[in-house]
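Colleague: I have a new model open on my screen and would love a guided tour. Could we go through it together, one question at a time?

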Amino acid sequence: MAALHPFRTAVEKQDLDAVRDLLAEDATFLSPVAFKPYHGKEMVFAILRGAMRVFQDFHYVKEIEDGEEHALVFKARIDNTQIHGCDFLTMNEDGLIQEFCVMLRPMSAVHAMSEAMRVQFELIEQEMRGC
């Protein structure tokens, strides 16, 4: 069995310090619910921390690797809405996450995530002011 990606391990252990340490300074986050990308390690980390607060029963079910590209397929829920998604990670030459793109299905999951993260963004803005 292949070794698990360090990001997967950090998330499954809910090790926020390790998640943060895996992000490149100029990391970019591509959201499933917002068109504009989010830039910078601290912003990406704040979004991931918010998502970790929102998801319930989160677990990865499959991992696919192609060089510096990784796909981590997950299942979770928000309240009664079942979510199936994938984290697409692009690593830089230092082995840090340069780009983090999330895809979700079904549409009810996208709506639930959008609403839950809208609330989280109030906290994210407060956290970013404290950085």
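Colleague: Happy to start with a single residue: in which strand is His70 found?
Modeller: Keep in mind as we go that this is a predicted model. Leaving aside neighbours within four places in sequence, His70 is in contact with several residues, among them His5, Ile64 and Phe88. As for its own place, His70 is found in strand β4.

Colleague: Is His70 buried or exposed?
Modeller: Besides the residues I just named, His70 touches Glu65, Asp87, Leu89 and Met91. A residue counts as buried under 20% relative accessible area. His70 has a value of 9%, so the verdict is buried.

Colleague: How many bridges join β4 to β5?
Modeller: Strand β4 covers residues 69-78 and strand β5 covers residues 81-91, and the two run antiparallel. One of the bridge partners is easy to find: Ile78 is matched with Thr81 in β5. The number of bridges joining β4 to β5 is ten.

Colleague: Now the whole sheet, please: which strands are at its edges?
Modeller: The sheet is open, with mixed pairing, and its six strands come in the order β2-β1-β6-β5-β4-β3. An edge strand here pairs on one side only. That description fits β2 (38-39) and β3 (56-66).

Colleague: Which helix packs on the sheet, touching β1, β2, β3, β4 and β6?
Modeller: Look at residues 41-54. The direction of this helix makes about 55° with that of β1 (23-30). The helix you want is α3.

Colleague: What pattern does the chain follow, read along the sequence?
Modeller: There are four helices and six strands to place. Read in sequence order, they give α-α-β-β-α-β-β-β-β-α.

Colleague: What is the radius of gyration, and how does the chain compare with a globular protein of that length?
Modeller: The C-alpha atoms fill a box of roughly 35 × 35 × 25 Å along the principal axes, and buried residues make up 42% of the 131 residues. For that length the globule rule gives 14 Å, and the chain comes close to it, so it is as compact as a globular protein of that length. The radius of gyration of the chain is 14 Å.

Colleague: On to charges: which residue forms a salt bridge with Lys41?
Modeller: Lys41 is buried, at 9% relative accessibility, whereas its partner is exposed, with a relative accessible area of 61%. The closest N and O atoms of the pair are 3.6 Å apart. Lys41 lies in helix α3 and the partner in strand β1, so the pair ties together parts 16 residues apart in sequence. The partner is Glu25.

Colleague: Which residues are joined into one network by salt bridges that share partners?
Modeller: Arg8 and Glu12 meet in a salt bridge at 3.0 Å, N to O, and both lie in helix α1, four residues apart, about one turn of the helix. Arg8 also meets Glu63, at 3.2 Å, and that pair links distant parts of the chain, with Glu63 in strand β3, 55 residues from Arg8. Arg8 is buried at 12%, while Glu12 at 39% is partly exposed, as is Glu63 at 24%. The network consists of Arg8, Glu12 and Glu63.

Definitions and conventions
Residues are numbered from 1 along each chain as its sequence is written. This is a predicted model: local features need pLDDT of at least 70, side-chain atom pairs count only at pLDDT 80 or more; totals for chains, interfaces and linings use all residues. Side-chain values use heavy atoms; hydrogens and water are left out. Two strands pair if DSSP finds at least two bridges between them. Contact means heavy atoms within 4.5 Å. Axes are lines fitted to C-alpha atoms, for helices over the stretch in contact, and angles run from 0 to 180 degrees between N-to-C directions. Buried means under 20% relative accessible area, exposed over 50%, partly exposed in between (1.4 Å probe, protein chains only). The radius of gyration is taken over C-alpha atoms; the globule rule is 2.2 Å times the number of residues to the power 0.38. A salt bridge is a side-chain nitrogen of Lys or Arg within 4 Å of a carboxyl oxygen of Asp or Glu.
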